[in-house]
Amino acid sequence: MNVENMRLFATIPMLVGAVIMVVTIKRYHGLVKYIVEETYEKQHNGHAADKAALVLLYLFFLGFLVGIADTLIRGVEPMYFFITIIFLLGALFVHFSVRTQMAMAKRLREKTLETMKAFVNAIEMKDAYTKGHSEHVFSLVDLLYESLDAQTRSNINKSKLLDAAMLHDIGKISIKDEILNKKGKLDDSEWEVIKTHPQNGKKMLEDSCYREIGDWVLYHHERADGLGYYELEPNKIPIEAKLIAIADTYSALCTDRVYRKGMPHEQATEIMREVAGTQLDSDLVAHFLSIDEALLSNIL
């Protein structure tokens, strides 16, 4: 085999390895971002290790570039073929390791959602008329988030927002069944009990990994005019709580309740237009009303 052929056969594995490393580095960036978004810590504990691993990946990629340059400049010995194959196998190992970690991270997220759904279902069994309400709000918030502009979305952690949407009524587990299922109008004392569920929900989350979303659960019944459950000033209401409030309102209007039948989409959205600026944030309502009716109907 002449020198040119030897260089060609030695260079190909290095080129393939370099391409694999580019893909791997991109996947690793996605993995780190995914973990940071999913973790319930204000500062990701593995940040330094993530950076170190990324530096090593870039050095590995640099090694392939140096190997390619060395192959093209110098003579190639038979042993060099073996070394390039080892490098290529190393790149494949790193690539599949990153893919496996991403798959495991996503599966863990799915398991977390399944656990939350099981817990929420247990709560909603107390009230047959609100069964499925939390999952409905979860899906509505997902659609509403996607309707926002890119700048607004960049300031919101979607995963935590959806968790808060799923758990927004968790505090109702402390409400007596006879109040939740009362067919007639609630009296003042019963209404005061109902109004405790956001606060109870926050308390339930305080000693868990979900403490960061506690305020979003606490304030999901606050109003744009400051006349909500706890009369919080409008500019102090977290945007996540405002988003949940809109989805919660639409879900409540469109689904059957113990005291009335659910409304059609047109009637529900008309009511939401009327309360925009008083009960609900007007800008966010506008985003909600821009969502295709077919998408909203598909999740009912």
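Is Cys209 buried, exposed or partly exposed? Cys209 is partly exposed, and its relative accessible area comes out at 41%. Before I go on, a quick reminder that we're looking at a predicted model.

Okay, staying with cysteines for a moment. Cys254 is a buried one, with a relative accessible area of 11%. Now, you may be wondering about disulfides. A disulfide is a covalent bond between the sulfur atoms of two cysteines. How many does a search of the whole structure find? Zero. So Cys209 and Cys254 aren't joined that way here, because a disulfide would need a pair of cysteine sulfur atoms within 2.5 Å, and the search of the whole structure turned up zero disulfides.

Let's move over to helix H1, which covers residues 3–38. I've picked two residues from this helix. One is Phe9, which sits in H1, and the other is Met21, also found in H1.

Take Phe9 to begin with. Phe9 is partly exposed, at 47% relative accessible area. If you go from Phe9 to His136, you travel 127 residues along the chain, and the C-alpha atoms of that pair end up 58 Å apart.

Now Met21. Met21 is buried, with a relative accessible area of 0%. What is Met21 in contact with, once we leave aside its neighbours within four places in sequence? The list is Leu57, Phe60, Phe61, Phe64 and Ala91. And have a look at Gly90 too: Gly90 lies 69 residues from Met21 along the chain, with 9.9 Å separating their C-alpha atoms.

So, to recap helix H1: Phe9 is partly exposed, while Met21 is buried. That's my bit, thanks everyone.

Definitions and conventions
Residues are numbered from 1 along each chain as its sequence is written. This is a predicted model: local features need pLDDT of at least 70, side-chain atom pairs count only at pLDDT 80 or more; totals for chains, interfaces and linings use all residues. Side-chain values use heavy atoms; hydrogens and water are left out. Helices (H or I, at least four residues) and strands (E, at least two) are DSSP runs, numbered from the N terminus. Buried means under 20% relative accessible area, exposed over 50%, partly exposed in between (1.4 Å probe, protein chains only). Contact means heavy atoms within 4.5 Å.
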